[in-house]
Every structure is written in C-alpha cells, then in structure tokens.
Amino acid sequence: MVKQHPLKGPSKLKLGVFSANADGGLAITDVPERWQARWEDNLNAVQIADRGGLDFFLPIARWKGFGGKNRVREWSFETFTWAAGLASVTERIGLFMTVHVPLVHPLYAAKALATVDHISSGRAGLNIVCGWNPKEFGMFGVPLVEKGYDQADEWLEIVERAYVSDAPFDYDGTYYRLKDAVSRPASLQSPRPVTMNAAFGGPGRDFAARNCDYLFTTFTEISEAGKHVEDIRGRADKLGRDVGAYTVCHVVCRESQQEAEDYYERYAVTLADHEAVDAHMAGKKEFSQSHDRESYDRYRKRFAGGAGGYPLIGTPERIVEDMVAISKQGYSGIAMSFVNYSYELPFFCDRVLPLLRQAGLRIE
Ligand SMILES: Cc1cc2nc3c(=O)[nH]c(=O)nc-3n(C[C@H](O)[C@H](O)[C@H](O)COP(=O)(O)O)c2cc1C
C-alpha cells in the first residue's frame, strides 16, 4: 500500500538523521565511540529512528575521505543501494538518496529512485547535489562543471519525463542527448519522489526554487537564520512555487548542560582529528559555498563537530528551545547528526520528542 510520504506528514517541524551512511557521520573526531558506519550500525540506527517516529534518514554523498588518522568519510555506503536495503527493514521513515548530478546518469537515477520508492511503498526522497570537491570528481575523470545547476535542470527534467512518458522520448539538451528513452516503472509518488537540493549559493537556490520541494541549507546563527528561508521562499514565489527549507545540526543531548558541553569540547576539540578537520575546511573554503564565509574563520569546532552545521548542545529542554527558535525562523525540518547515532538516538527520541509534542511542533 502506498503511504503518505513522512515529509508530507502533519508535524510542523520534521526531524531526521543525516550522514549515518558515512564514517564519522558528520563528525571528524577520534573518540573511541566514533561512528564507524558499518551496515549493522546503519540497520540499528534506522530502526531506532523508524520506531522512535523520526521522519527521514538522509545520506551524505561522499566518494573520497579527508585523510587524517581515521581516513574519515572514505568509508561510506552508496546511497541508492543503502536506501534500498533500509527500505525493507523499516515501515514509516522517509529514505533519501543523495545524488551527484554529474556522476550519475539521469535514466539510471530515475530507475534506481523508482525502485526504492516501490520497495518502500512511496517513502523515497531525492537529495540533489552538484558537488564541490575536485579531488573527488578527479577519481571519476569528471571535471566539476561551472554551470552545474544548468546540467541539473536537464537532469531532473529527464527524470520527470521518464516517469510521465507513456512512450519512448528523445531529449536534445546541452548536457544530455537521449534517443528513445524509457524508464519503467515510474515512482509511486507522482510526479516524482519528494526532492531537495543541498546548496547555499545563489545558483543552487534558484535551482531549488525552479525545481525542488525544499532547499537543504546551512545558517550561522539562529537569530538570523530566517533570512535564508525568506530568500528561498522569495525566489520560489516569483515563479509561483512553494519551496521550504531544511537545515543541518549536530546534536549532543545529555541530562545536564555541563555534561553536554564537556562532551562537545571533548569530541570536537580535544580529540578532534585535526589533520582531517584542516583538510575538510581547506577544501570547503576553496571550492564550496556551502556556508557563510565567516563560518570558516569563526567555527572550527562546528566543522569538527558536524561539518559546519549549527550545534544543538545541552539538556532536552535546551535542545527544544533551540528547535522552537529554528522553527520560528521558518525552517520546515532539521537533519541531525550525532557522534554515535545508535547510542544517542534512544535518549533523544525518549526525551526530546515528547517535549516537542508539548511545544506543538510534532504530532506522532
Ligand atoms: C546542507 C548541505 C548538505 C550537503 N551535502 C552534500 C553531500 O552530501 N555531498 C556533496 O558532495 N556535497 C554536499 N553539499 C554541497 C553542495 O552540493 C554544494 O556543492 C555546495 O553547497 C556548494 O555549492 P552551492 O554554491 O550550490 O551551495 C551539501 C551542502 C549543504 C548546504
């Protein structure tokens, strides 16, 4: 039976898990309990999230790591096959695939995405990325295209046409020339699975405004986070579209504020894998616009702690306060990372979700 996609569910603030498919999750740390992202770890974490009532599981798309002591992120599961495996052991949670447009042909993506949508009875989601890391693309012998989002326009148009076309179609674009293209089955979700674009810069926002349901993006401080939501909504509005925003946060939730802050300091400063943090930050700073420029100068701890996202550190009450504030800034959802998803998700689901229900942000 086709289910309502969890991102279309009634909770005002959707919550999900980001990057459990990759070594370290989003952290770059050498604490012994660091996330190793083995298959059993992924199975365990997704089942906790599914039973706990979280809305989505979202993978990072990573092909090469950042070196350092643990060769962090070098180990990561490919996201179509990962989502397919998780779909058959879960019942409610949305399962995203994160796809690098220049590395995956749109007809391959259309078929793989539809396959996961069928396995999961309509719980698939597509997260589009155009890529930022030339070293990673070098592995494939593929250059980073300057106008990546022009290619992405064609890419997504082909995926959508493949789903709606009853007969084979030709496509004559700048990046793709297809003859008699066909892809069956179509996804169960119509016209295509829920789609987001992970980006921060103007061209990425315009692409999301034109084509996606959500922009997945970062902010630096909660008090000014709403400007990014207004920006994407404004761009979409001009096109007569409604596009929301999701963001990314790393979470340390403990009984006491001190305990949470001490642990954040321990994993993201004292025991950070500094060589890999340097490599990650240098690459992002040079090639990616995924954050405000000041983030790189001011927030090294955030890059070690969770790839430069916003930190939610503290008691369940404090985390809820911050989440209420993020929701008030207009965000539709938060993709969260933890140092060890399996160890930390049960406490989060038991203690934070009921408070979010009381605050009116979640209905389960
Ligand atoms: C929240 C968020 C998540 C991202 N996830 C990925 C990812 O999984 N893999 C990847 O290669 N790039 C990822 N990116 C990078 C973007 O795909 C993009 O390359 C980067 O943001 C720079 O381009 P922009 O100017 O379009 O933002 C992410 C960016 C953001 C903001």
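**Rings and helices, one reason at a time**

Me: How many aromatic pairs does a search of the whole structure find?
Reply: The search finds 18 aromatic pairs. Keep in mind that this is a predicted model.

Me: Let's take one. Why is the pair of tryptophan 39 and phenylalanine 77 called edge-to-face?
Reply: Look at the planes: they stand at 90 degrees. Planes over 60 degrees apart count as edge-to-face, so the name fits this pair. The ring centres are 5.9 Å apart, and rings pair if their centres lie within 6.5 Å.

Me: What makes this a link between distant parts of the chain?
Reply: Tryptophan 39 belongs to helix H1 (residues 39–52), while phenylalanine 77 is in the loop between strand S2 (56–58) and helix H2 (79–87). The two residues are 38 residues apart.

Me: Are tryptophan 39 and phenylalanine 77 buried or exposed?
Reply: Neither word fits, because buried means under 20% relative accessible area and exposed means over 50%. Tryptophan 39 has 29% and phenylalanine 77 has 25%, so both are partly exposed.

Me: Why is the pair of phenylalanine 57 and tryptophan 82 called stacked?
Reply: There are 15 degrees between the planes of phenylalanine 57 and tryptophan 82. Planes under 30 degrees apart count as stacked, so that is the right word. Centre to centre, the rings are 5.8 Å apart.

Me: Which parts does the stacked pair tie together?
Reply: Phenylalanine 57 lies in strand S2 and tryptophan 82 in helix H2, so the pair joins parts 25 residues apart in sequence.

Me: How do you know whether phenylalanine 57 and tryptophan 82 are buried or exposed?
Reply: Compare their relative accessibility with the cut-off: under 20% means buried. Phenylalanine 57 has 0% and tryptophan 82 has 2%, so both count as buried.

Me: What makes the charged end of arginine 205 sit over a ring?
Reply: The ring is that of phenylalanine 200, and the charged end is 4.9 Å from its centre. The distance limit is 6 Å, and the charge must also be within 35 degrees of the ring normal. Arginine 254 likewise has its charged end over the ring of tyrosine 263, 4.7 Å from the centre.

Me: Now the helices. Why is H3 called oblique to H5?
Reply: Helix H3 (residues 106–119) and helix H5 (residues 148–164) pack at about 55 degrees, with their axes 9 Å apart. Roughly parallel needs an angle under 35 degrees, and roughly perpendicular runs from 65 to 115. The angle fits neither, so H3 is oblique to H5.

Me: Which residues meet there?
Reply: Among them are Leu113 in H3 and Trp155 in H5.

Notes: Residues are numbered from 1 along each chain as its sequence is written. This is a predicted model: local features need pLDDT of at least 70, side-chain atom pairs count only at pLDDT 80 or more; totals for chains, interfaces and linings use all residues. Side-chain values use heavy atoms; hydrogens and water are left out. Rings of Phe, Tyr and Trp (its six-membered ring) pair if their centres lie within 6.5 Å; planes under 30 degrees apart count as stacked, over 60 as edge-to-face and the rest as tilted. Helices (H or I, at least four residues) and strands (E, at least two) are DSSP runs, numbered from the N terminus. Buried means under 20% relative accessible area, exposed over 50%, partly exposed in between (1.4 Å probe, protein chains only). Axes are lines fitted to C-alpha atoms, for helices over the stretch in contact, and angles run from 0 to 180 degrees between N-to-C directions. Angles under 35 degrees count as roughly parallel, over 145 as roughly antiparallel, 65 to 115 as roughly perpendicular and the rest as oblique. Contact means heavy atoms within 4.5 Å.
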